[in-house]
Amino acid sequence: MQAFLRRWSHIRSHNTSFSFSRSFAATNLRMASSTATALYALTVSASPSSQGPEDASKKAHHCKNGFDNPWDSWNAPFNKHGQVLWRFVSGKANRPDTTPPTVPVQKPDFLPSRETSTLRATWLGHACYYVEFPGGLRVLFDPVFEDRCSPLSWIGPKRYTEPPCEIKDIPTIDAVVISHNHYDHLSLPTVKDIHKRHPNCHFFVPLGNKTWFINSGILNVTELDWWDERDILLSPSQSASRVEDTAGDASSKPADIKARIGCLPCQHFSARTPFDRCKTLWASWYVESGGRKVYFAGDTGYRTVPELPDGVDDHAPEYNFPSCPAFKQVGEFRGPFDLGLIPIGAYDPRFFMSAIHSDPHDAVEIFQDTKCKKALGMHWGTWVLTEEDVLEPPKKLKEALKKHEIPETGVFDVCDIGESREY
Ligand SMILES: [Zn+2]
């Protein structure tokens with residue numbers, strides 16, 4: 001029952017207001033600070049429209065009261081709660097053992113300055129990655145630093161692995177990218193703390209989430225629809241020049257940092273209360289800066305699998321459940337990507353979770369469809385949201401890679417919590 005409540009809390013929300021308004025050509029000129037010597041002004045502007053799929057302009061994901069997944073691969077699991085509850089009542093549900101040791105946690109090492117030549121990703125647990133781009137851009141994806149992913153601090157899924165660091169340990173955050181408003185991806189205390197420590201950090205959110213940020217006192221926010229893009233310019237501010245001048249070396253003035261960010265589809269839903277399901281959009285994202293491109297798949301399903309007898313592999317050749325076509329479009333129109341951050345956990349039971357959460361086999365297909373050259377797994381190792389054993393996702397990932405004739409290490413890996421990988 002407790003686990004059922006945990007799962008139920010995952011699909012609740014507290015977003016009381018909603019707006020379809022879009023931040024077309026939103027431009028924010030602000031002063032940004034970093035632990036590096038320079039101060040930067042950050043500008044967000046409309047990017048020259050790049051090509052998207054033909055069907056994108058139809059906005060098939062917009063519906064009367066919010067948003068929908070407009071594909072055959074989607075079959076909403078919302079009427080299956082009774083079956084899930086029965087699994088718990090009847091004792092059929094697996095209760096994952098979280099007794100340590102589970103996933104190793106290490107204290108992350110962040111780079112001391114923006115002057116870096118490689119792409120570097122650090123897993124901060126669940127769906128949170130901190131990405132250091134060559135050239136200096138620093139982006140945090142889906143940060144949640146609380147113990148519980150829940151609207152309440154005393155109930156809801158509790159971490160079984162420690163956060164590897166605190167927000168105050170992250171030296172520079174230029175942008176925060178949010179996939180959707182579920183509590184394991186969007187936390188009010190976390191975003192408020194980031195805003196307090198980095199008042200000029202800019203938040204990028206899917207359509208309909210801007211009002212929640214404004215109501216939370218965060219005005220540096222841009223909301224985008226699937227296939228929308230924005231250009232980001234971080235330029236050393238006048239104050240920064242003065243800082244450099246006083247250092248007596250004009251030639252050391254830091255260069256502009258340029259980036260492009262794009263909002264992209266994925267198969268999921270949103271909710272922060274029992275009353276606002278699908279009122280705000282969910283998304284995957286890409287960020288390109290310093291010549292490197294990262295795809296953040298957010299929270300997503302890939303296909304919908306019906307209830308099958310125990311032990312049956314729904315990826316077996318005799319089954320051919322439709323897969324979400326959006327990922328091939330992402331690969332075709334925005335790929336290839338140097339690194340994909342792709343969810344591999346929270347997938348059991350499949351008849352309930354497959355529509356909204358990919359399992360490792362789905363994740364490998366997403367990896368291939370989106371044309372990622374390398375990938376790291378996420379959305380596991382932190383909170384028990386579903387029935388699979390907590391160390392099963394990386395094992396299944398290796399099986400899936402083998403099945404797709406991809407080397408089991410060095411292509412689509414998992415890392416320890418707090419570990420950084422360079423690309
Ligand atoms: Zn979610």
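**Figure 1. The low-confidence start of the chain, residues 1–36.** In this predicted model, pLDDT stays under 50 over residues 1–36, yet the model still gives this stretch 103 contacts beyond four places in sequence. Residues 240–250 are another such patch: pLDDT is below 50 here too, and the stretch has 14 contacts in the model beyond near neighbours in sequence. Where pLDDT is low, the predicted coordinates should not be read in detail. As for the chain as a whole, the average pLDDT is 88, and 87% of the residues score at least 70.

**Figure 2. The chain in outline: 9 helices and 18 strands.** Of the 423 residues, 50% are buried. Take the contacts with a separation of 6 or more, and 73% of them link residues 24 or more positions apart.

**Figure 3. An open, mixed sheet of 7 strands.** Reading across, the strand order is 10-9-8-7-6-5-18. Strand 10 (221–224) and strand 18 (420–422) sit at the edges, each pairing on one side only. From one strand to the next, the twist averages 20°. Zoom in on strand 7 (residues 138–141) and strand 8 (residues 175–177), and you find a parallel pair with 3 bridges. One thing to look for is Val-139, whose bridge partner in strand 8 is Ala-175.

**Figure 4. Strand 11 (residues 229–236), with side chains that alternate between two faces.** Which residues of strand 11 point to the buried face? They are Arg-230, Ile-232, Leu-234 and Pro-236; Glu-229, Asp-231, Leu-233 and Ser-235 point the other way and are not buried. Strand 11 also has antiparallel pairings to show off. With strand 2 (residues 40–46) it makes 7 bridges, and Ser-235 is the strand 11 partner of Ala-41. With strand 12, strand 11 makes 6 bridges, again in the antiparallel sense; here Glu-229 is matched with Gly-262 of strand 12.

**Figure 5. Helix 6 (residues 326–334) and what covers it.** The buried residues of this helix are Ala-326, Phe-327, Gln-329, Val-330, Gly-331 and Arg-334. Their cover includes strand 12 (257–264), strand 13 (284–289) and helix 8 (360–369).

**Figure 6. Helix 8, a largely enclosed helix.** Why call helix 8 largely enclosed by the rest of the structure? Because 9 of its 10 residues are buried. The buried set runs through Pro-360, His-361, Asp-362, Ala-363, Val-364, Glu-365, Ile-366 and Phe-367, and also takes in Asp-369. These residues pack against two helices, helix 6 and helix 9 (392–403), and against strand 15 (339–343), strand 16 (375–378) and strand 17 (412–413). After the helix comes Lys-371, with a positive phi near 60°.

**Figure 7. Inside the largest nonpolar core, a set of 104 residues.** Look for Tyr-129, Val-176, Val-177 and Leu-341, the residues with the most contacts inside this core. Strand 12 supplies the largest share of the core, 5 residues.

**Figure 8. The neighbours of Tyr-129.** What does Tyr-129 touch, leaving aside residues up to four places away in sequence? The list is Ala-121, Thr-122, Trp-123, Leu-124, Phe-141, Leu-341 and Met-378. One of these, Leu-341, turns up with Tyr-129 among the core residues with the most contacts.

Conventions: Residues are numbered from 1 along each chain as its sequence is written. This is a predicted model: local features need pLDDT of at least 70, side-chain atom pairs count only at pLDDT 80 or more; totals for chains, interfaces and linings use all residues. Two strands pair if DSSP finds at least two bridges between them. Helices (H or I, at least four residues) and strands (E, at least two) are DSSP runs, numbered from the N terminus. Axes are lines fitted to C-alpha atoms, for helices over the stretch in contact, and angles run from 0 to 180 degrees between N-to-C directions. A residue is buried if 20 or more other C-beta atoms lie within 10 Å of its own, exposed if 12 or fewer, and partly exposed in between; C-beta atoms are placed from the backbone. Two residues are in contact if their C-beta atoms, placed from the backbone, lie within 7 Å. pLDDT is the predictor's confidence in each residue, from 0 to 100. A nonpolar core is a set of buried Ala, Val, Leu, Ile, Met, Phe, Trp, Tyr and Cys residues joined through C-beta atoms within 7 Å.
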